[in-house]
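Open the model in your viewer and keep a selection box to hand. The stops below say what to select and what is found there.

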Amino acid sequence: MTVEQAPAETPKATARDWFQRAVVYQIYPRSFADSNGDGIGDLRGIISKLDYLQRLGVDVVWLSPIYTSPQDDNGYDISDYRNVDPLFGTLEELRELTDGLHARGMKLVMDLVVNHTSDEHPWFVESRSSKENPKRDWYWWRPPREVDARASQRRAAAAAEPNNWGSAFSGPAWEFDQATGEYYLHIFSKKQPDLNWENPEVRAAVYEMMNWWLDRGVDGFRMDVINFISKDISLPDGPVADGKLFGDGSPFYIDGPRMHEFLQEMHREVFASRTGGLLTVGEMPGVTVEDAVLYTDPARAEVDMVFQFEHVALDQEEGDKWRPKKLLLTELKQTLGRWQEGLAETGWNSLYWGNHDQARAVSRFGDDGKYREHSAKMLAGILHLHRGTPYVYQGEGLGMTNMTFGAISDYRDIEVLNHHREATTHLGHTDAEVLAALAPLNRDNARTPVQWDASRHAGFTTGAPWIAVNPNANHINAAAQMDDPDSVYSFYRKVIALRHAEPVVSHGDFTMLLPDDPHVYAFTRALAGSGSAGSPGSPADGTQILVLGNFSGEERDAQLGDQTWHDAELVLGNYPSDAGAAARDGGSAASAVRSSAAGAMRLRPWELLVLRRRSGA
Ligand code: TEU
Ligand code: CA
C-alpha cells in the first residue's frame, strides 16, 4: 500500500537501492583494537582503524553494543541506553567515530538490544522495588507456582518457577526476587530481564531512545533478537527434549502474535518521518522464510532485512550447538537456495557466514589448515555473490580461524561457562567431554582479538588481552596481508568492489545449479537484457555471472551441461590465472576454465570461479 502512495519521483525501489549495493562490516568492540592498554578494545581503537575499513571498501559499520553495561553478556546487557560504557570511551568519542565514518562515506549502524535490559538498568531497579511501582509491569513478573513433585525430581533446584522454560544460557528462564517474592523472566542471563512489550509505555520509551540516536546521526539499527519481543502472554510450559532439564519456550516467544504490529508501530514512530539512507536489520533466531517475507516486504514498512539462522544450524543435532555434526553441502545449498527463492520477489536477504555468536567461517565451512587462504576466498565469493546484503565479521576478511582453548578457565563467554557448569554438575558429563563438545561452535572462537600484526598480542593491545590472542597471529594478520595482492584481505576488497561495480551482483536474480552435487556450490545471477541499452544500475543490462565453488580439498568436476560458459570471461578466481596451464589443457590462453574430457568444468581444491558474459547485449 505504501508503495502505491509514494510519490512517483521517489519509488520504493530507489530507497532500497543503496543497501542492495552495500556491504556491512561488523565490529565487536571488545576484541577489535585497544587504544589504552587495558586489554579491552575501545572506540579510540576503532577510530584508529578507519582507514583500514575504508580501504576494504565496506559501506556500513555495525557496532556491537558500546552502551553502559555491567558486561555480563559483553554489553548485550544494557544499563543506560543513552551513554557509552567508560570501558569503551565516551559519547564524544562515539561522535568522533560517527563523523570519521561519514567523512569516509561509510554509515554507522548501532546494536539495538530491547528484548531485555540489564538488571542494573534504572527501569528494572524500579520495577523490582515493589509490586506497586509504576514500572512493575515493564518486565514479566509472576508469582511462584505450586511446586510440582515430578519437576523437582528432574533436577536439583526447586521448580516453583512460573513455567518450565530454560534460559538460552542454561538454568531456568526465571529468577526469584526476594524483595517481592516473585519471579522475573529472562530468556538470556538472569542479568538480562525481558522487557514487557505489551506495555505501551515500554514501547514509547524504546522509540524515544531510538529517535534520540538517529537525531545524533547514527544511520540505523541491528535489532537484537527482535522477533522475541512479542510473547504468548499465557506463558505456557514448553516441550522438554530428551536429556534436557528445562522446557523449550521458543514456540511461545519466537515470532509472537503482535510482532508485525510492534515493528510497524516502531516504523511509524521512528523511521517513517525520516529521509532515506537508514538501515534496519532484525536479528531473528527461528524465523521462517514465510515470516521473513512479511518482515521485509517494503510495502508493510517493518524492517529492511532479517538475519535468519537456518544455515548456521545445519552442523548440529537438533539445533543444539553442543552436539556438533558434519555439515552436508547439499543441505547448505538447499537452505540458502530456499531463502534466495523465498525472498526473490518480495523482501531482501542478509548474507553472513559468521558473527560474534558463531564459529569462524573458514574453520566451520572451509579448511583452516592447508587450504585456509583458498577456502576463505572461496567462501567470500560464494556468499557475496548471492542476492542480498553481505556482512563481514571482523577478522573474517583476514581468514582468521577458530581458537583452540585449553581449560574452561580460558573461556570468557557466559554461555560457555554456564553450560559447562550445568553439564558437569547436573547432567553428569565429564569436564573433558564438555570441553570437546563445545570446541567447534562456541562463541569465544570468534571473540579472540583481531590480529593486526605479528607483534606481541597481535598488535591488539599493549596490555594483557581480556581473552587470549590466537597464536596463529604470527602468520595470520592484517600487516602481512594489506599490501599483498594475493591475500585474503585483498580478495575481500575485490569481491566488495565487484558488488559496487556490477549491477548483476546487487540486483540480478539467482538460480541454484547442481543442487545434488555433494562438493560443488554452483549458481548463476542474471539481469535480463532489454532492447534499450541498460545503463549500469538499471534493472536490465543483459549480464549473467556463473559462480562455482569447490567445497572440498580434492579436484572436482562441475557438470553443468552447458558448454557456453567455457569461453566466458573470468571475473574472479582464487588461484593465480595460469595461461600456460590453460593452453596445456587444450583451452585458449584467454580461457580460465579447465575442462574434463567429458566437458565438465574442473575445479581445483577449494577453487572459486566467477565467470561473466554479456548476453542480450
Ligand atoms: O543473540 C541471540 C541468539 O539467538 C544467539 O545467536 C545466541 O548466541 C544464542 O541464542 C546462544 O545460544 C543475540 C546476540 O547476538 C548475542 O550476542 C546475545 O548474547 C543475545 O542476543 C542476547 O542479547
Ligand atoms: Ca581499552
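Begin with helices α10 and α11, whose crossing is right-handed. This is a predicted model. Select residues 289–296 for α10 and residues 329–342 for α11; the two pack at an angle of about 40°, with their axes 10 Å apart. Angles under 35 degrees count as roughly parallel and 65 to 115 as roughly perpendicular, and α10 and α11 are therefore oblique to each other. Now show side chains at the contact. On the α10 side, pick V289, A292 and V293; they meet R338, W339 and G342 in α11. Sorted by class, this contact of α10 with α11 has four nonpolar residues, one polar and one charged.

Keep α10 on screen and add α9, residues 259–271. How far apart are the axes of α9 and α10, and at what angle do these helices pack? The axes are 10 Å apart and the angle is about 25°. That makes α9 roughly parallel to α10, since the cut-off for that label is under 35 degrees. The crossing of α9 and α10 is right-handed. To see the contact, select M259, H260 and L263 of α9, then D291, L294 and Y295 of α10. By class, the contact of α9 with α10 has four nonpolar residues, one polar and one charged.

The next helix pair is α13 with α17. Select residues 372–384 for α13 and residues 488–501 for α17. Their axes come within 10 Å and cross at roughly 15°, and α13 and α17 are therefore roughly parallel to each other. The crossing of α13 and α17 is right-handed. From α13, show E373, A376, K377, A380, G381 and H384. Facing them from α17 are V488, F491, Y492, V495, I496 and R499. How do the residues of the contact of α13 with α17 divide by class? Seven are nonpolar, two are polar and three are charged.

Leave the helices and select the calcium ion (ligand 2). Which residues coordinate the calcium ion (ligand 2)? The donors are D34 (OD), N36 (OD1), D38 (OD), I40 (O) and D42 (OD), at 2.3 to 2.4 Å. Along the sequence these donor residues follow the spacing D-x1-N-x1-D-x1-I-x1-D. Then check two of the donor residues for exposure. D34 has 10% relative accessibility and so counts as buried. I40, at 12% relative accessibility, also counts as buried. The cut-off behind that label is under 20% relative accessible area.

Now go to Q71, in the loop between β3 (67–68) and β4 (80–84). Turn on backbone torsions here. Most residues other than glycine have a negative phi. Phi of Q71 is near 65°, a positive value in a residue that is not glycine. Is Q71 buried or exposed? With a relative accessible area of 15%, Q71 is buried.

For another backbone torsion, select L235 in the loop between β9 (220–223) and α9. L235 has a positive phi of about 45°, although it is not a glycine. At 7% relative accessibility, L235 counts as buried.

Stay in the loop between β9 and α9 and select S234. S234 is exposed, with a relative accessible area of 53%. Add G277 and draw a distance from S234 between the C-alpha atoms: the two residues are 43 apart in sequence and 39 Å apart in space.

The last stop is R613, in strand β21 (residues 608–614). R613 is partly exposed, with a relative accessible area of 22%. Draw a C-alpha to C-alpha distance from R613 to I545: these residues are 68 apart in sequence but 6.5 Å apart in space. What does R613 touch, not counting residues up to four places away in sequence? Select G542, T543 and Q544, then D562, T564, W565 and A568, to show these contacts of R613.

Note on methods
Residues numbered from 1 in each chain as written. Chains lettered and ligands numbered in written order. Predicted model: local features only at pLDDT ≥ 70, side-chain atom pairs only at ≥ 80, totals over all residues. Heavy atoms only, no water. Axes fitted to C-alpha atoms, helices over the stretch in contact; angles between N-to-C directions. Helix = DSSP H or I, 4+ residues; strand = E, 2+ residues; numbered from the N terminus. Parallel < 35°, antiparallel > 145°, perpendicular 65-115°, else oblique. Left-handed = near helix turned anticlockwise from the far one by under 90°. Contact = heavy atoms within 4.5 Å. Nonpolar A, V, L, I, M, F, W, Y, C, P; charged D, E, K, R; others polar. Donors = N, O, S within 2.8 Å, 3.2 Å for Na, K, Ca; no water. Buried < 20%, exposed > 50% of the residue type's maximum accessible area, 1.4 Å probe, protein only.
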